[in-house]
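Please open the structure in your viewer and keep the sequence at hand. The tour proceeds by selecting a few residues at a time.

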Amino acid sequence: MPQRNRGRPRAFDRDRAVLDAARLFWRRGYSGTSTRALTAALGLSTSSLYAAFGSKAGLFEEAVRIYAERYREIYQQAVAEKDVRTVIERVLIDSVHEFSQPSDAHPGCLISSAVMTDSTSTLDTSGYVAELHGANEQVLLARIERAIQDGELVAGTDPAVLTGLVQSVWHGLSVRSNLDTAREDLLATASLAHQLICQRLTSPTS
């Protein structure tokens with residue numbers, strides 16, 4: 001006799017479930033989001049949630065990875081640009097567009113949210129995000145070092161300091177996006193930061 005399939009229903013939409021869960025984690029934090037709240041928001045039974053994601057922690061980790069990896073893509077695409085001014089611009093502007101996507105398609109910037117540090121259960125995910133930030137920073141640092149060698153930046157530019165400045169602006173924009181700052185305000189800040197950096201550090205002949 002054939003066995004009846006158990007677990008998540010056929011209508012299960014994994015992408016939608018991850019988005020809905022990410023939005024709930026963003027609002028309530030990891031610790032403040034119960035399994036009961038997740039099953040209610042996702043329209044799943046507890047057994048179906050566990051069958052799909054393994055655990056609440058597994059669902060959280062998948063949500064963070066999906067929405068965090070987009071920033072790795074942004075950095076990789078940015079550093080492929082031919083001039084360093086465009087590199088910095090794309091890192092900041094493209095990230096703002098990602099931070100501020102409509103809420104029906106994006107949960108907010110989980111990787112700068114307090115959700116990342118509100119529970120020891122998020123330790124592995126926090127380590128992943130720290131690795132992601134470090135990798136993005138190293139990619140940007142290598143591109144800035146190349147720009148210095150190519151004469152795009154003024155003599156004496158410290159690549160680590162410039163990278164740190166860009167990263168500090170990036171993190172500030174991310175935090176402000178989580179405070180519901182309007183996209184146009186974030187873009188204005190990013191544009192001004194880009195303009196000031198380029199005026200101060202790029203070579204007139206670049």
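A salt bridge is a side-chain nitrogen of Lys or Arg within 4 Å of a carboxyl oxygen of Asp or Glu. By this rule, eleven salt bridges are counted in this structure, which is a predicted model.

**First stop: helices H1 and H4**

Select Arg14 and Glu62. These two residues form a salt bridge, and their closest N and O atoms are 2.9 Å apart. Arg14 belongs to helix H1 (residues 14-28) and Glu62 to helix H4 (residues 56-79), so that the pair links distant parts of the chain, 48 residues apart. Is Arg14 buried, partly exposed or exposed? Its relative accessible area is 29%, and because the partly exposed class runs from 20% to 50%, Arg14 counts as partly exposed.

Next, select Arg16, Asp20 and Arg23. Salt bridges link these three residues in a network.

**Second stop: helix H5**

Select residues 84-99, which make up helix H5. How far apart should the ends of this helix be? With 16 residues at 1.5 Å a residue, H5 should span 22 Å, and the C-alpha atoms at its ends are indeed 22 Å apart, so the two values agree.

At the start of H5, display Asp83 and Arg85. A side-chain oxygen of Asp83 comes within 3.2 Å of the backbone nitrogen of Arg85.

Now colour the buried residues of H5, among them Val84, Val87, Ile88, Val91 and Leu92. Further along the sequence, Val96 and Phe99 are also buried.

Then select Arg90, which has a relative accessible area of 23% and is therefore partly exposed. Which side chains meet that of Arg90 in salt bridges? One is Glu81, at 2.6 Å from N to O; another is Asp94, at 3.0 Å from N to O. Asp94 and Arg90 both lie in H5, four residues apart, or about one turn of the helix. In an α-helix there are 3.6 residues a turn, so residues three or four places apart point the same way. Glu81 is partly exposed at 23% relative accessibility, and Asp94 is partly exposed at 21%.

**Last stop: the loop between H6 and H7**

Select Thr157, which is located in the loop between helix H6 (123-149) and helix H7 (159-178). Why does Thr157 count as buried? Its relative accessibility is 11%, and buried means under 20%.

Finally, display the surroundings of Thr157. A polar atom of its side chain lies 2.6 Å from the backbone oxygen of Val154. Leaving aside residues up to four places away in sequence, Thr157 touches Ile148, Leu162 and Leu201.

Terms used. Residues are numbered from 1 along each chain as its sequence is written. This is a predicted model: local features need pLDDT of at least 70, side-chain atom pairs count only at pLDDT 80 or more; totals for chains, interfaces and linings use all residues. Side-chain values use heavy atoms; hydrogens and water are left out. Helices (H or I, at least four residues) and strands (E, at least two) are DSSP runs, numbered from the N terminus. Buried means under 20% relative accessible area, exposed over 50%, partly exposed in between (1.4 Å probe, protein chains only). A polar contact is a pair of N or O atoms within 3.5 Å; within protein, one must be able to donate a hydrogen and the other to accept it, and residues adjacent in sequence count only if both atoms are side-chain atoms. Contact means heavy atoms within 4.5 Å. The expected span of a helix is 1.5 Å times one less than its number of residues.
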